[in-house]
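Grab a pencil and let's work through a few exercises on a ligand and the pockets around it. Each task comes with a solution in steps.

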Amino acid sequence: MVRETGSTQDVARGRAAGDVVVAWRQTSGRGRDGRTWADTGLGGVAITAVAVVQGAWIALAAGVAAAEAIERVAPSVTVGLKWPNDLMIAGRKIGGVLIERDGEASLIGIGINVSQPSFDGELATRATSLAIAGARVDRLVLLEALLPRLDHWLAAGESATIGAFRQRDMLRGRVVRLRAAGSIVEGVVDSIDPLVALRIRTPAGLVAVEASTARIESFT
Ligand code: BTN
């Protein structure tokens, strides 16, 4: 546990497999695609686990693990996964996963909003926390639930993880706008094969968008 750090990802770099860095307060958290992860207070869980497992599926494993941990400590909420690994409650983001490489190891960063009473600016309508969702949970209790679930899914492997992801896939049947290789595709999500392709039903027919190039811009 570090009292305060910019990013747990940086503290974890160079550490041994099996180590987990937990920040009491994280001041410059990183998100996917160069975004920031905004929780500079004491309201959330911010961890990085070091594992010698690689592959795009581990981001899904972290998302599934975090969703299960949240539901374990807050049984009144249901957590969906917005491909690839945003944790969602009632259409708003409660957590996210960032995977970075460190030699043979992966740095599995997980951030979850726990006790924030509200969010400012553009996050006001897009982010949520367990407190906003009506669940009062101690973030250390959530952390305690999270680590065994992460161990479980990293050991379970790719195919079991994909099955668990599919059960929580909240984009299926939703209207999305996504960017892929410089073009925009809009339509209803027909199915998601999370590591391969997203199939989108558009007015022009079914379009398969390669997962590695797709970025969801919005959904309704
Ligand atoms: C995202 O949704 O874009 C990913 C957010 C990941 C945030 C976590 S918090 C712990 C770890 N340290 C970081 O700097 N980022 C991840």
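**Exercise 1.** Find the polar contacts that Thr-8, Arg-32 and Lys-93 make with the ligand in this predicted model.

*Solution.* Step 1: look at Thr-8, where an N or O atom of the side chain is 2.9 Å from a nitrogen atom of the ligand. Step 2: go to Arg-32, which uses a polar backbone atom, 2.7 Å from a ligand oxygen. Step 3: check Lys-93, whose side chain has an N or O atom 2.5 Å from an oxygen atom of the ligand. Step 4: compare with the cut-off; a polar contact is a pair of N or O atoms within 3.5 Å, so these three pairs qualify.

**Exercise 2.** Work out how much of the ligand's accessible area the protein covers, and what surrounds the ligand.

*Solution.* Step 1: on its own, the ligand has 420 Å² of accessible area, and the protein covers 99% of that. Step 2: the shell around the ligand holds 20 residues, with Ser-7 and Arg-30 among the closest. Step 3: sort the shell by class, and you get six nonpolar, 10 polar and four charged residues. Step 4: strand E8 (92-102) gives the most to this shell, namely four residues.

**Exercise 3.** Say which pocket the ligand sits in, and describe that pocket.

*Solution.* Step 1: the ligand is in the largest pocket. Step 2: this pocket has a volume of about 1000 Å³. Step 3: its lining counts 44 residues, and Trp-37 and Asp-86 are among the closest to the centre. Step 4: strand E14 (214-219) gives the most to the lining, with six residues.

Definitions and conventions. Residues numbered from 1 in each chain as written. Predicted model: local features only at pLDDT ≥ 70, side-chain atom pairs only at ≥ 80, totals over all residues. Heavy atoms only, no water. Near = heavy atom within 4 Å. Polar contact = N/O pair within 3.5 Å; in protein donor to acceptor, adjacent residues only side chain to side chain. Areas by Shrake-Rupley, 256 points an atom, 1.4 Å probe, with all protein chains shown as cover. 1 Å grid on protein atoms, 1.4 Å probe; cavity = no way out; pocket = protein on both sides within 12 Å on 5 of 7 lines; lining within 4 Å. Sits in = over half its atoms within 2 Å of the grid points. Helix = DSSP H or I, 4+ residues; strand = E, 2+ residues; numbered from the N terminus. Nonpolar A, V, L, I, M, F, W, Y, C, P; charged D, E, K, R; others polar. Points joined across faces, edges and corners; volume = space filled by probe spheres on them.
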